[in-house]
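Student: Could you take me closely through one part of this model, and then place a second part beside it? I would like one connected account rather than a list.

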Amino acid sequence: KLIRTFFKYANDYPSTGTDNTSLSITNLKNKNYRNAVIEKIIVKSDANGANAFVEDAELNFYETTEPVFKKQIKLSKNLSIAYSPSFESYIGTDNLFHYNSNYDISPLYEVNLYNNDGRPLQDKDQQGMVNSYIWDNENQMLATCKAAAFNDMACTSFETGEKGNWSYSANSTPDPTAPTGGMCYNFVNGAISKSGLTSGTYIVSYWSKPGSSPCTVNGSSTP
């Protein structure tokens, strides 16, 4: 058997489309993301290329104003679809984006919140589970949280100016004994808070130096 993978990139489509998907492709090209993958098709055939069938396929959608990923859909399972170029997505003479009707339109996952650099802060998978992410100032991921909205999580190691959804006014302090990195936060400089939480039970975890005064979390003192 022969397995081949075909890609269609943003630059493979004309800039004539007027619907949102077409406009997002034009936006990718205008911002020099011409090699952004729009469609990926895996085809299985005989060694000579005969009897070609689509093994799998996925279609990526992007935002219309920023060159960031929005959602992905995949081919419905357990289908036997003969492959020909007509399977591929295209922008038609009607100036609309078209794709094969055998795609499952329920997104495999969908990003619905981004930071200023286009990194995903919150997405939702095909089962409806929300996952959230926190990034530092250099776009390194600090934390990920499953089954939680972005506004319901917070994380920081005080290594950069990124506060990770916490609120505090003072700068972090160098500390060579810190268990990770080299910075810490001194509560003498002010409290740390998190607002806008959905009603529920939360876990607050932290590291404190031996001999430190107890911390007060939501009105209760902790060692």
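**Asp136 and its surroundings**

Tutor: Leaving aside the neighbours within four places in sequence, Asp136 is in contact with Leu142, Thr160 and Glu162. This is a predicted model, and in it Asp136 sits in the loop that runs between strand S10 (130-135) and strand S11 (141-146). Asp136 is buried, yet this residue has no salt bridge, since the nearest side chain of opposite charge, that of Arg119, is 8.4 Å away. What the side chain of Asp136 does reach is backbone: a polar atom of this side chain lies 2.8 Å from the backbone nitrogen of Glu138, and the backbone nitrogen of Asn139 is reached at 3.0 Å.

The second part is helix H1 (residues 20-30), which is largely enclosed by the rest of the structure because eight of its 11 residues are buried. Among those buried residues are Thr21, Ile25, Leu28 and also Lys29, and the buried residues of H1 pack against strand S2 (37-45), strand S3 (53-62), strand S6 (90-91) and strand S7 (97-98). Just after H1, Asn32 takes a positive phi of about 65°.

Two of the strands that H1 packs against, S2 and S3, pair with each other in the antiparallel sense over six bridges, and Val43 has Val54 in S3 as its bridge partner. S2 also pairs in the antiparallel sense with strand S1 (residues 2-9), over eight bridges, where the partner of Lys8 is Glu39 in S2.

Conventions:
Residues numbered from 1 in each chain as written. Predicted model: local features only at pLDDT ≥ 70, side-chain atom pairs only at ≥ 80, totals over all residues. Heavy atoms only, no water. Helix = DSSP H or I, 4+ residues; strand = E, 2+ residues; numbered from the N terminus. Buried < 20%, exposed > 50% of the residue type's maximum accessible area, 1.4 Å probe, protein only. Lys, Arg positive; Asp, Glu negative; His and termini not counted. Salt bridge = Lys/Arg side-chain N within 4 Å of Asp/Glu carboxyl O. Polar contact = N/O pair within 3.5 Å; in protein donor to acceptor, adjacent residues only side chain to side chain. Contact = heavy atoms within 4.5 Å. Pairing = 2+ DSSP bridges.
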